Amino acid sequence: MRNPLIILLILLFNFFSLFAQETETKERKSPVQNIRGRVVDSSAGFSLVGVTVKAKSGEKSTYEITDVDGYFHFKDMPVGYYDITFTMVGYEKTTVERLNLVSGRELIINQQLKESIEALEGVTIQSFTRKDQPINMRAIVSARSFSLEETTKFAGSYGDPARMAANFAGVMPARDNRNDIIIRGNSPSGLQWKVDGMEIPNPNHFGATGSTGGPITIINTNLLGNSDFLTSGFPAEYSNTIAGVFDLNMRSGNAFSYEHWAQLGWNGIELGTEGPIKHIQNSSYIISYRHSIVDLITKMGITLPETAHYQDFSYKFNIPTKNFGNFALVGLRGNSSIELKDSDKKPDEWMFDSHSEDISNKYRMGVIGLTHNAHIRANTLFTNSLYITASELTTSIDTFSVASPETFRYAHEFSDTRKISFRTGLKHKLSSSTDLSFGAYADQHIVNFVDSQFVRNEYVQNINAKDEHLRLYRAYGDVMHRFTSRLEAYFGLNFQMLESNREAIIEPRFSLSYNLHPYHKISFGSGLHSQMQPLFAYFVVSENNTDNNTNYQLEFTRSIHNVLSYDYNISKEARIMVEAYYQYLYNIPVSTTDSAYSLANYGAEFYIERKGDLKNIGTGENYGVEVTFEKFWSNNYFLLLSGSLFESNYTGADGIKRNTAFNGNYAVNFLAGYEYQPPKRTRALNVGINITYAGGMPYVPYDIDASVANQKVIYDWNNAYSVTRDDFRRASFRIGMRRNEERFSVETAFDFQYRTNYTSVYLDRLDLQTGEIVKTYRMGFYPMGTVKISF
């Protein structure tokens with residue numbers, strides 16, 4: 001760590017020098033930039049003409065009016081923070097606070113306004129605006145929105161939406177070196193990722209089979225607009241998930257000006273550009289490419305213990321037309337590989353005393369989709385999307401020893417999953433108080449899975465699938481009705497059918513929200529949700545018949561969500577939220593041979609033992625209470641304090657109730673940030689802190705004697721999840737600076753993480769020759785930096 005710390009100190013010295021220096025030779029010109037945007041109806045998405053838009057910074061206010069297409073434009077505004085207020089007769093007045101205008105790029109605002117059901121002619125109804133309110137108006141309970149600022153300025157988030165969400169109540173990190181998240185005691189595999197309405201595979205580098213997380217995100221937050229995160233009681237349009245949803249919106253590029261950025265940091269070296277597409281009015285593109293820092297370091301001749309490589313590419317082309325609606329082409333692509341080679345080390349540095357392993361992992365994922373939105377009428381929006389997703393994973397383990405130094409292939413795994421999906425939907429604004437929506441999905445999965453492991457002088461397969469097809473059909477319909485400005489209700493139905501076993505299920509969803517007082521609101525949500533099993537699980541080879549995939553007929557896992565929340569707005573800058581929930585799961589696949597085995601625990605480890613002959617007879621329950629105190633960004637600082645008390649249990653084939661692998665029982669997060677900005681607004685200094693304290697996770701211990709005797713890892717299922725890891729404690733600190741020059745802006749940030757229990761285990765391995773458990777420990781302290789230039 002000595003050399004990196006010296007480099008960090010040099011960077012910090014330059015960082016503070018950059019902030020402190022003043023130009024003495026000439027008077028600096030104050031940087032200016034433009035503010036643009038568009039205003040639409042929140043229900044049907046049609047343009048709103050004649051909206052009064054006020055941009056306020058300090059005591060100065062400037063006004064503009066939206067044109068026939070809903071666009072507005074403020075020219076040459078001084079850089080700094082702005083409150084933007086939207087006012088129109090018949091619509092609720094809405095204010096978006098603390099939007100940061102920097103010199104390196106224009107500020108683009110796409111705003112929805114909700115029609116007031118109590119507006120009289122010539123009267124405007126005041127709306128109490130909350131920064132955390134979800135973009136999807138149908139998400140009444142257990143949902144919130146988040147912005148680019150939160151993913152980049154939360155200490156310890158590293159520009160990662162999943163790490164950012166781990167600060168919210170009810171969310172816990174599954175592992176410290178990955179971004180898998182546990183939502184209310186559910187498996188991370190129950191999380192669904194969506195980008196512009198498209199359901200995508202694991203969007204993280206170095207993924208594992210069936211996982212939803214990884215060490216480094218492929219999602220580039222520089223391309224994200226405001227997005228939603230849902231943890232329970234989802235509206236009917238969300239299906240095939242039981243734990244949570246990341247509903248991400250990729251922003252369109254600037255349709256009026258060319259802008260670019262370059263970034264160097266934790267997520268790699270990055271180049272990005274956006275701007276208008278020539279000869280197509282109001283069209284735009286946005287493109288970014290990232291490459292791992294490790295490649296650059298190794299090319300400089302510096303040897304590293306791990307050779308991790310990754311790169312990703314993201315883009316969106318947005319093309320509005322006058323008569324045929326709006327078309328968008330959206331894509332993501334990520335490649336990653338890592339090699340952990342003990343064969344290049346001295347024997348005293350090996351994982352085991354007399355032998356060791358070389359591990360190689362390669363992961364690729366990609367998404368490409370075409371979306372189309374068009375208004376059939378002013379109050380009816382028709383949407384379609386056709387997209388293809390793919391992911392591929394290859395893992396190899398080679399063994400060697402002092403006696404036999406040549407490497408030998410011990411285990412190998414290959415998975416290839418592709419999906420072709422079509423989605424269509426219709427949103428209709430029936431009146432100012434009632435909205436309807438309908439939609440359907442069709443998914444075709446094409447999968448290839450194969451693995452092998454050398455056991456007792458022969459290779460044994462646990463899974464085998466070649467060009468297998470699975471088809472999932474879904475449909476939904478719902479109604480959102482506001483009885484008064486204080487009372488609103490939602491009801492929806494979702495239908496799912498898996499073609500392989502002809503299982504069909506109808507899922508009702510209901511939620512209700514009532515404002516007892518302008519500052520007090522209670523909400524309730526209940527609904528049935530179901531999810532397919534991880535795709536590999538359908539093709540695990542039977543333990544008694546190597547030619548028969550007995551899991552192929554597995555049914556959906558089902559879950560009933562119930563949520564009750566109380567929301568107290570202390571002021572427009574602060575709130576307290578209390579939520580109590582109970583989730584009952586059933587139809588969980590469990591093993592009849594190892595009766596404690598359940599897919600409810602999938603995702604707790606990098607690899608879970610795969611079993612055939614599973615039956616949908618397991619159950620589970622998650623229940624708890626969450627409390628959140630949040631002070632939004634105002635007066636140059638913010639606070640977020642969240643706490644959760646919960647239980648997460650499951651029942652296997654033997655009927656015994658056990659802890660799930662995610663039953664940490666409690667989690668507390670404290671997050672705070674402060675920004676100092678001199679009067680000239682050309683510079684700003686921000687600092688942040690994040691403290692996490694969470695309960696240790698239960699796990700399944702090794703059956704050491706059986707493992708050594710059979711020369712493969714065997715777990716002690718009789719004592720499954722009866723032992724736990726140590727409690728988890730972590731502190732993160734962040735310091736950042738922003739400079740606005742006349743034609744560009746520079747943002748610099750440093751994150752420091754310190755784990756107070758750095759000796760706790762996050763990975764252990766069993767030596768099959770000696771029965772010794774070799775443990776890998778968390779690193780106690782390490783710094784990370786990021787520099788971004790926008791121009």
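Y666 is partly exposed in the predicted model, with a relative accessible area of 23%, where partly exposed denotes the range between buried (under 20% relative accessible area) and exposed (over 50%), evaluated with a 1.4 Å probe on protein chains only. Y693 is likewise partly exposed, its relative accessible area being 35%. Because this is a predicted model, local features were required to have pLDDT of at least 70 and side-chain atom pairs were counted only at pLDDT 80 or more, whereas totals for chains, interfaces and linings use all residues. Residues are numbered from 1 along each chain as its sequence is written, and side-chain values use heavy atoms, with hydrogens and water left out.

A search of the whole structure yielded 27 aromatic pairs, a pair being defined by ring centres of Phe, Tyr or Trp (its six-membered ring) within 6.5 Å, with planes under 30 degrees apart classed as stacked, over 60 as edge-to-face and the rest as tilted. One of these pairs joins F72 and F74 in an edge-to-face arrangement, at 6.0 Å centre to centre and with 70° between the planes. F72 is buried at a relative accessible area of 4%, and F74 is buried at 1% relative accessibility. The rings of Y666 and Y693, by contrast, form a stacked pair, because their planes lie at 25° with the centres 5.9 Å apart. Since Y666 belongs to strand 36 (residues 666–676) and Y693 to strand 37 (residues 683–694), this pair ties together parts that are 27 residues apart in sequence. Ring pairs also link F146, F168, W193, F229 and F246 into a cluster.

The chain contains 5 helices and 44 strands, assigned as DSSP runs numbered from the N terminus (helices H or I, at least four residues; strands E, at least two). Of its 791 residues, 55% are buried. Among contacts with a separation of 6 or more, 65% are accounted for by residues 24 or more positions apart, contact meaning heavy atoms within 4.5 Å.

An open sheet is formed by 3 strands in the order 4-1-7, with mixed pairing; strands are taken to pair if DSSP finds at least two bridges between them. Strand 4 (71–78) and strand 7 (107–113) each have a single partner strand and stand at the edges, so one side of each is left without a neighbour in the sheet. Strand 1 (residues 32–41) and strand 4 run antiparallel and are joined by 6 bridges, with R36 standing opposite H73 in strand 4.

Further along the chain, strand 28 (residues 487–498) runs antiparallel to strand 29 (residues 503–517), the two being joined by 12 bridges, and L487 stands opposite Y514 in strand 29. These two strands form a hairpin with 4 residues between them, and R502 in the turn has a positive phi of about 60°. Strand 29 is also joined by 8 bridges to strand 30 (residues 520–531), again in antiparallel orientation, and this second hairpin has 2 residues between its strands. Within it, R509 stands opposite G527 in strand 30.

Q263 is located in strand 17 (residues 259–265) and is buried, with a relative accessible area of 16%. The side chain of Q263 makes a polar contact of 3.3 Å with the side chain of N222, a polar contact being a pair of N or O atoms within 3.5 Å in which, within protein, one must be able to donate a hydrogen and the other to accept it, residues adjacent in sequence counting only if both atoms are side-chain atoms. Leaving aside neighbours within four places in sequence, the residues in contact with Q263 include G268, I269, E270, T786, V787 and K788.
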